[in-house]
Amino acid sequence: QHALAMTPEQVTSRSIMQTQLIKINPAHPESDLIQIAAQKILDGGLVAFPTETVYGLGANALDGDAVSRIFTAKGRPSSDPLIVHIHSLDQLNQVAIEIPDLAYRLAEKFWSGPLTLVLQRNESITPAVSAGLNTVAVRMPSHPIALALLRSANVPIAAPSANLFSRPSPTTAQHVLEDLNDRVDIILDGGRVNIGVESTVLDLTQSISVVLRPGGTSLEALRQVIPNCVVRNTYLNAEESASSPGMLIKHYSPRAKVLLFDGERESVLRLMVDEARRHHRAGVLLFDEDGEEFDGLGVSVSRLGSESNLAEIANNLFSAMRDLDQKNVDVILVRGVKREGLGLAIWDRLLRAAEGNVIRDT
């Protein structure tokens, strides 16, 4: 809980460092640059790196002191578990025990990629990774830089998103720098990430497989392998212990208050326009289809893309939130998306950014 109490201004001088920003080829990572970052991991340091979902803040998952630095750098509560990243299926036994056959079937279909599996934790993984629980969240990322770093370090790397706790996740190295400059040793700048929302977290330790966090792997795809897979919408306060990363109700939040609207498009847009007129500095996360609705209102706009292109919306979501924060708006208005495919993950991120509050048309 100590990390939760720390504000950015209260981080001790011992945790202040000079952050090294290293530009690296996202398709063909330079081995000498990767080796610099891998050695920093092995020395107990913190390295931010791109995955296909968002940028992660990595430390050696076998090193308790290194993992504790993640919580300090982010101001993250110790009750919020981290995801362990591996580069090959051979490493899975180093991270987890009593691995069910289903885990291997899912890995064969979805790894490398945006699916995290919750399994029984191997004691070699420091308990701090899992908030003291006997379970562990593990995945194999598909980004070439992430895989190269994991191979070079050859240890499991614990890595939550590389941002200050509860802020929108970083999809560029610049976002990491905005939040964590002088709090991490190295940032590997591999450009913008591909997906833009985090991995799906699937708990395999229960009698029924449960999605604890929707993400880059869709529920529909999972149900092709596990027909009875269910989603559990659990929203916790920061003081409560979570069984998975990304379960806190206030998460992915910009500084401005987020108002999430849901319902029939025309009536929702009328509600949003009325709300925008009540504020001096309103911002709108805008679908292309809604472009003209807010003309002449003096609102700040950040575009998400076409409502019909969920992949584009997911890729733009967190950067659009940060963009409106930089425009110093005091409220951000956004219309909900359909809850299917990647839309389930987008809706989840919007709901948490709005701290669970939804304004519905009546």
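In which sense, and over how many bridges, do strand E14 (residues 282–287) and strand E16 (residues 331–335) pair? In the predicted model described here, the pairing of E14 with E16 is parallel and extends over four bridges, and within it Gly-283 stands opposite Ile-332 in E16. The two strands belong to an open sheet of five strands, whose order is E15-E14-E16-E13-E17 and whose pairing is parallel. The edges of this sheet are formed by strand E15 (300–305) and strand E17 (358–360), each of which has a single partner strand, so that one side of each is left without a neighbour in the sheet. On average, and with direction ignored, neighbouring strands of the sheet are turned by 25° against each other.

Two helices lie across this sheet. Helix H10 (residues 310–326) lies across E14, E15 and E16, and its course makes an angle of about 165° with E15. Helix H11 (residues 343–353), in turn, lies across strand E13 (257–262), E14, E16 and E17, and runs at about 135° to E13.

Within strand E13, attention may be given to Asp-262. This residue has a relative accessible area of 13% and is therefore buried, the cut-off being under 20%. The side chain of Asp-262 takes part in a polar contact of 3.0 Å with the side chain of Arg-339, and a further polar contact, of 2.8 Å, joins the side chain of Asp-262 to that of Arg-360. When neighbours within four places in sequence are left aside, the residues in contact with Asp-262 are Val-268, Arg-339, Trp-347, Val-358, Ile-359, Arg-360 and Asp-361.

A further set of strands involves E3 (residues 55–60), which is mostly covered, six of its six residues being buried. Strand E2 (residues 47–50) runs antiparallel to E3 and is joined to it by four bridges, with Ala-48 standing opposite Leu-57 in E3; the connection from E2 to E3 is a hairpin through four residues. Strand E3 is also joined, by two bridges and again in the antiparallel sense, to strand E8 (residues 157–158), where Asn-60 stands opposite Ile-157 in E8.

The largest nonpolar core of the model has 52 residues, and the residues with the most contacts inside it are Leu-57, Leu-106, Trp-111, Leu-117, Leu-119, Val-129 and Leu-202. Two or more residues are given to this core by each of E3, helix H3 (64–74), helix H4 (92–95), helix H5 (101–110), strand E6 (115–121), strand E7 (135–139), helix H7 (173–180) and helix H8 (219–225). Apart from this core lies another, of 30 residues, among which are Val-54, Tyr-252, Ala-345 and Ile-346. In soluble globular proteins, nonpolar side chains tend to be buried together. The surroundings of Leu-119 may be given in detail: not counting residues up to four places away in sequence, Leu-119 touches Leu-92, Ala-96, Ile-99, Pro-100, Ala-103, Asn-134, Thr-135, Val-136, Val-138, Leu-204 and Thr-205.

Several features of the backbone were also noted. Most residues other than glycine have a negative phi, and most peptide bonds are trans. The peptide bond from Trp-111 to Ser-112, however, is cis, with omega near -5°, and Ser-112 lies in the loop between H5 and E6. In the loop between E6 and E7 is found Ala-131, a residue other than glycine whose phi is positive, near 55°. Ser-166, which is likewise not a glycine, has a positive phi of about 75°; it lies in the loop between E8 and H7 and, at 14% relative accessibility, counts as buried.

Taken as a whole, the protein contains 11 helices and 17 strands. Its radius of gyration is 20 Å, close to the 21 Å that the globule rule gives for 362 residues, so the protein is as compact as a globular protein of that length. Along the principal axes, the C-alpha atoms fill a box of roughly 55 × 50 × 40 Å. Of the 362 residues, 61% are buried, and among the contacts with a separation of 6 or more, 70% are made by residues 24 or more positions apart.

Definitions and conventions. Residues are numbered from 1 along each chain as its sequence is written. This is a predicted model: local features need pLDDT of at least 70, side-chain atom pairs count only at pLDDT 80 or more; totals for chains, interfaces and linings use all residues. Side-chain values use heavy atoms; hydrogens and water are left out. Two strands pair if DSSP finds at least two bridges between them. Axes are lines fitted to C-alpha atoms, for helices over the stretch in contact, and angles run from 0 to 180 degrees between N-to-C directions. Contact means heavy atoms within 4.5 Å. Buried means under 20% relative accessible area, exposed over 50%, partly exposed in between (1.4 Å probe, protein chains only). A polar contact is a pair of N or O atoms within 3.5 Å; within protein, one must be able to donate a hydrogen and the other to accept it, and residues adjacent in sequence count only if both atoms are side-chain atoms. A nonpolar core is a set of buried Ala, Val, Leu, Ile, Met, Phe, Trp, Tyr and Cys residues joined through side-chain atoms within 4.5 Å. The radius of gyration is taken over C-alpha atoms; the globule rule is 2.2 Å times the number of residues to the power 0.38.
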